[in-house]
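Q: Please take a close look at a single helix in this predicted model, covering its ends, its buried side and its surroundings.

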Amino acid sequence: MSSYQKELEKYRDIDEDEILRGLSPEELEQLDCELQEMDPENMLLPAGLRQRDQTKKSPTGPLDREALLQYLEQQALEVKERDDLVPFTGEKKGKPYIQPKREIPAHEQITLEPELEEALAQATDAEMCDIAAILGMYTLMSNKQYYDAICSGEICNTEGISSVVQPDKYKPVPDEPPNPTDIEEILARARGNDKELEEVNLNNIQDIPVSTLTELCEAMKTNTYIRSLSLVATRSGDPIANAVADMLRENRSLQSLNIESNFISSTGLMAVLKAVRENATLTELRVDNQRQWPGDAVEMEMAAVLEQCPSIVRFSHHFTQQGPRARAAQAVTRNNELRRQQKKR
């Protein structure tokens with residue numbers, strides 16, 4: 001048995017109740033305060049639980065904010081201001097600093113011809129700005145003023161020399177006009193296999209019903225004239241991707257497919273890639289910038305599709321893994337080389 005355990009053995013048979021009965025009321029109150037002692041350094045506890053309540057005064061009532069502010073203001077007014085150790089008299093001591101005038105030495109003085117002196121005296125701020133730019137004093141003006149004066153043969157600076165460099169004002173670029181394509185007309189022409197309809201551009205039309213896009217893909221299964229289909233930023237999801245995949249398995253005229261900037265998941269992209277394997281006419285495929293990252297498995301499938309489909313010569317996707325990126329770049333280069341050799345023949 002250790003010495004510490006032997007020390008504790010003598011307290012085993014102590015009667016705690018008898019000790020408590022022998023304490024006075026003051027000692028009991030002090031013991032109660034010690035038992036309520038909490039951890040004031042524990043930042044995880046609320047401020048009211050870090051130490052015991054030491055307030056013995058009964059509450060005076062609810063908080064009256066206006067009365068409290070009036071009381072504090074009255075206390076501040078009643079407190080006497082402390083006198084300054086050295087009273088302020090307003091007396092000014094010392095002599096004010098006067099910058100001495102510097103006389104220019106004779107060898108530094110520049111004498112111009114009377115015609116030049118008169119021209120400089122009558123020059124405007126814009127003309128002085130152009131002269132400073134020609135002399136290389138580019139620190140006195142903004143970059144725009146400097147290059148305008150150097151590159152232009154006329155006086156083009158109207159602001160004059162200013163030590164405050166202001167930002168250049170650029171003309172606002174207007175937003176792109178909305179897509180004027182009539183989806184119902186396009187759908188009717190696709191169903192009728194219109195030979196003049198070779199490109200379908202539905203970019204940035206975000207209120208196209210899913211059923212309408214599905215019907216368009218269904219009509220393109222038998223269409224023989226549409227060469228390009230673009231569904232960029234149409235809020236298309238996996239149902240549209242599955243419809244596009246079904247269309248690719250049967251269509252034999254489509255050459256370009258663009259479904260970038262949509263909400264297609266990895267499942268929808270995988271369906272489109274599997275359908276591309278069965279299509280021999282598609283030469284361009286763009287699937288970049290989807291709402292969520294497709295994953296490593298989809299990127300590996302993209303590289304495999306490009307390796308197994310020599311007809312695809314343009315592909316758009318931002319790979320995150322080095323392996324699929326290198327395989328895809330090599331496959332696209334090989335496909336372009338095969339296409340070039342076929343054209344030579």
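**Helix H8 and the sheet beside it**

A: At the N-terminal end of H8, Asp-182 acts as the cap, with a side-chain oxygen placed 3.3 Å from the backbone nitrogen of Glu-184. The helix itself comprises residues 183-191, and its buried residues are Ile-183, Ile-186, Leu-187 and Ala-190. These four cover an arc of only 100° around the axis, which puts them on the same side of H8. That agrees with the general geometry: an α-helix has 3.6 residues a turn, so residues three or four places apart point the same way. Just beyond the helix, Asn-193 adopts a positive phi of about 55°.

As for what the buried side meets, the buried residues of H8 pack against two elements, strand S1 (199-201) and helix H9 (210-219). Through S1 the description leads on to a sheet, for S1 belongs to an open sheet of 5 strands, arranged in the order S1-S2-S3-S4-S5 with parallel pairing. S1 is one of the edge strands, the other being S5 (314-316), and each of them pairs on one side only. From one strand to the next, the twist averages 5°.

At the S5 edge of this sheet, the partner strand is S4 (residues 284-286), which pairs with S5 in the parallel sense over 3 bridges; within this part of the sheet, Glu-284 stands opposite Arg-314 in S5. Taken together, the buried residues of H8 pack against S1, an edge strand of the sheet, while Asp-182 caps the N-terminal end of the helix.

Technical notes. Residues are numbered from 1 along each chain as its sequence is written. This is a predicted model: local features need pLDDT of at least 70, side-chain atom pairs count only at pLDDT 80 or more; totals for chains, interfaces and linings use all residues. Side-chain values use heavy atoms; hydrogens and water are left out. Buried means under 20% relative accessible area, exposed over 50%, partly exposed in between (1.4 Å probe, protein chains only). The arc is that of the directions from the helix axis to the C-beta atoms. Contact means heavy atoms within 4.5 Å. A polar contact is a pair of N or O atoms within 3.5 Å; within protein, one must be able to donate a hydrogen and the other to accept it, and residues adjacent in sequence count only if both atoms are side-chain atoms. Two strands pair if DSSP finds at least two bridges between them. Axes are lines fitted to C-alpha atoms, for helices over the stretch in contact, and angles run from 0 to 180 degrees between N-to-C directions.
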